[in-house]
Amino acid sequence: MNRVELHPGCGHETLRAWQADGPPAADRLVWPLFVTDRDDACEPIAAMPGQHRWGVGRLREALDGPVRNGLRAVLVFGVPGGAKDGRGSGADSPGSPAVRALAALREAYPGLLLIADVCLCAYTDHGHCGILQSDGTVDNEASVTRLAAVAAAYAAAGAHVVAPSDMMDNRVAAIRAALKTAGCGGTAILSYAAKFASCFYGPFRDAAQSRPAFGDRRAYQLPPAGRRLALRAVLRDVDEGADLVMVKPGGPYLDIVREVRDAVRVPVLAYQVSGEYAMLHHAAAAGAFDLRTAVLESLDGLHRAGAGAVITYFAPQALGWVR
Ligand SMILES: [Zn+2]
C-alpha cells in the first residue's frame with residue numbers, strides 16, 4: 001500500500017507559502033546556483049551571460065545580496081572538475097561540491113530553502129543521467145538505487161528538498177524510502193515530473209558540463225508533443241510521494257503547467273530554463289524589447305498558467321522587479 005505523507009511538504013516556511021497559489025512575488029522565485037569544486041572560483045558562463053559557476057568559498061559573494069533582497073530558495077547544482085566514472089561516484093563523495101555547498105549554505109543562511117538537484121549526468125563519464133548497461137541503454141533499477149543514495153546524502157548534508165531531475169522510472173518511491181532509512185524522512189521531494197527532451201537546455205549543459213558523450217536523452221525524457229505521457233508521469237510521481245512537481249521547460253509548455261495545476265493537489269513549479277534565459281537576454285540586448293518588461297511578462301505567463309513558484313536565472317534581478 002502506498003501511503004502518501006503530507007508533513008515533508010510543509011516542513012519549511014517557504015514550502016508552506018508555496019502551498020497557496022499567488023501572484024509573482026519575491027518568495028516565489030528560485031535561483032539555480034552552479035557550484036564547482038574549485039573553492040575560490042567565480043567563472044562566467046559564456047552561454048548564459050551574467051551567470052557564474054561559484055566556488056564554495058565564494059557563495060556569500062553570490063548570495064548575500066539576493067538573500068538581503070528577499071531570495072527565499074536556491075536550486076543547487078554541483079559541477080565537479082575531477083574524475084568521472086560510470087556510476088557517478090562523485091555525486092555524493094565527501095568532496096562533492098553539492099554536498100559541501102549544502103552544508104555551507106545551511107550554516108550561512110538558516111532561513112533559505114535549499115533544494116538539491118539530484119542527477120548523475122554531471123558526474124558520469126558518459127554524461128547520461130543514469131547507469132548504463134553494456135549496450136548503452138539505461139539500467140533503470142541500478143540507476144534508481146544509486147539516485148536514492150545520492151538524494152539521501154544531499155538531505156543529510158542539509159537540503160530541505162531533493163529534486164530528482166533524471167527522469168528514471170519510479171525513483172520518487174525509492175528516494176522516499178531511502179530518506180526514511182537515512183533518518184531524513186522530513187525532507188521534501190520535488191520531482192522533475194514533466195521534463196521534456198528540449199533543445200532549450202543547450203546553455204545549461206555548458207554551465208553544468210553535463211553534455212552526453214554519445215546519443216541523447218530522448219529514451220528517458222518526455223517527447224515534446226507527449227502531453228498525455230507528461231500527465232501520466234506527474235500523476236505517477238505524486239502517487240509515489242512527490243511533495244512538489246515541476247514542469248520543465250516552462251515558457252514553451254504553459255499548457256502543460258496549467259493541466260498539471262488542474263490535475264494535482266501539490267505545488268507546481270515551472271523552470272524557466274537556460275535557453276529561455278538566453279533568448280530573453282539576447283533579444284533585449286539586440287533592442288527587441290526592454291529586458292525587465294519582458295522578464296516580468298514571462299513570469300506573469302508562468303504564474304497565470306498555474307506555477308506556484310518559478311525557477312529562473314533572472315531571480316536576483318527579478319526580486320526587485322516583482323515588488
Ligand atoms: Zn541529468
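**Exercise 1. Find where N170 sits, then check its backbone and its exposure.**

*Solution.* Start with the location: N170 belongs to the loop between β6 and α5. This is a predicted model, so treat every number below as computed from it. Next, the backbone: N170 has a phi near 65°, which is a positive value in a residue other than glycine. Last, the exposure: N170 counts as partly exposed because its relative accessibility is 40%, and that class lies between the 20% and 50% cut-offs.

**Exercise 2. Is M167 buried or exposed, and what is its phi?**

*Solution.* Place M167 before anything else: it lies in the loop between β6 (161-164) and α5 (171-181). Its phi is near 65°, again a positive value in a residue other than glycine. Now for the surface. The relative accessibility of M167 is 9%, so M167 counts as buried; the cut-off for that class is under 20%.

**Exercise 3. Walk from β6 through β7 to β8 and name a bridge partner at each step.**

*Solution.*
- Step one: β6 and β7 run parallel and are joined by two bridges. Here V162 is opposite I189 of β7.
- Step two: with α5 added, β6 and β7 make up a right-handed β-α-β unit.
- Step three: β7 pairs with β8 in the parallel sense, over five bridges. K195 has K248 in β8 as its bridge partner.
- Step four: look at the cover on β7 (residues 188-195), where eight of eight residues are buried.

Stay with K248 for a moment. The peptide bond from K248 to P249 is cis, with omega near -5°. P249 itself is in the loop between β8 (244-248) and α8 (254-263).

**Exercise 4. Describe the surroundings of β4: which strands pair with β4, and which of its residues are buried?**

*Solution.*
- On one pairing, β1 (residues 29-36) and β4 go together in the parallel sense over seven bridges. W31 finds its bridge partner in β4 at V74.
- On another, β4 and β5 (residues 113-118) are parallel too, over four bridges. In that pair L75 stands opposite I115 of β5.
- β4, helix α3 (residues 97-108) and β5 form a right-handed β-α-β unit.

Now the faces. In a regular strand, side chains alternate between the two faces of the sheet. For β4 both faces are covered: A73, L75, F77 and V79 are buried on one side, and V74, V76 and G78 on the other. That agrees with the count for β4 (residues 73-79), seven of seven residues buried.

**Exercise 5. Which residues touch the most other members of the largest nonpolar core, and what does V245 contact?**

*Solution.* The largest nonpolar core has 115 residues, and W18, F34, Y154, V162, V245 and Y271 touch the most other members. Helix α4 (residues 140-157) gives the most to this core, with nine residues. Then zoom in on V245. Leaving aside neighbours within four places in sequence, V245 has contacts that include L190, S191, A193, V234, V260 and L269.

**Exercise 6. Classify the F34–Y313 and Y192–Y271 ring pairs.**

*Solution.* The whole structure holds nine aromatic pairs. For F34 and Y313, the ring centres are 6.1 Å apart and the planes are at 5°, so the pair is stacked. This pair links distant parts of the chain, 279 residues apart: F34 is in strand β1, and Y313 is in the loop between β10 (309-312) and α11 (315-321). F34 counts as buried because its relative accessibility is 1%, and Y313 is buried with a relative accessible area of 1%.

For Y192 and Y271, the centres are 6.5 Å apart and the planes at 50°, so the pair is tilted. Y192 is in strand β7 and Y271 in strand β9 (residues 268-272), 79 residues apart. Y192 and Y271 are both buried. To finish, put the pairs in context: F34, F77, Y192, F204, Y271, Y277, Y313 and F314 form one aromatic cluster.

**Exercise 7. Which atoms coordinate the zinc ion, and what spacing do the donors follow?**

*Solution.* List the donors: C119 (SG), C121 (SG) and C129 (SG) coordinate the zinc ion at 2.2 to 2.4 Å. Along the chain, the spacing of these donors is C-x1-C-x7-C. Finally, check the cover: C119 and C121 are both buried.

Note on methods: Residues numbered from 1 in each chain as written. Predicted model: local features only at pLDDT ≥ 70, side-chain atom pairs only at ≥ 80, totals over all residues. Heavy atoms only, no water. Buried < 20%, exposed > 50% of the residue type's maximum accessible area, 1.4 Å probe, protein only. Pairing = 2+ DSSP bridges. Right-handed = clockwise from strand over helix to strand, strands pointing away. Donors = N, O, S within 2.8 Å, 3.2 Å for Na, K, Ca; no water. Core = buried A, V, L, I, M, F, W, Y, C linked by side-chain atoms within 4.5 Å. Contact = heavy atoms within 4.5 Å. Phe/Tyr/Trp six-rings, centres within 6.5 Å; stacked < 30°, edge-to-face > 60°.
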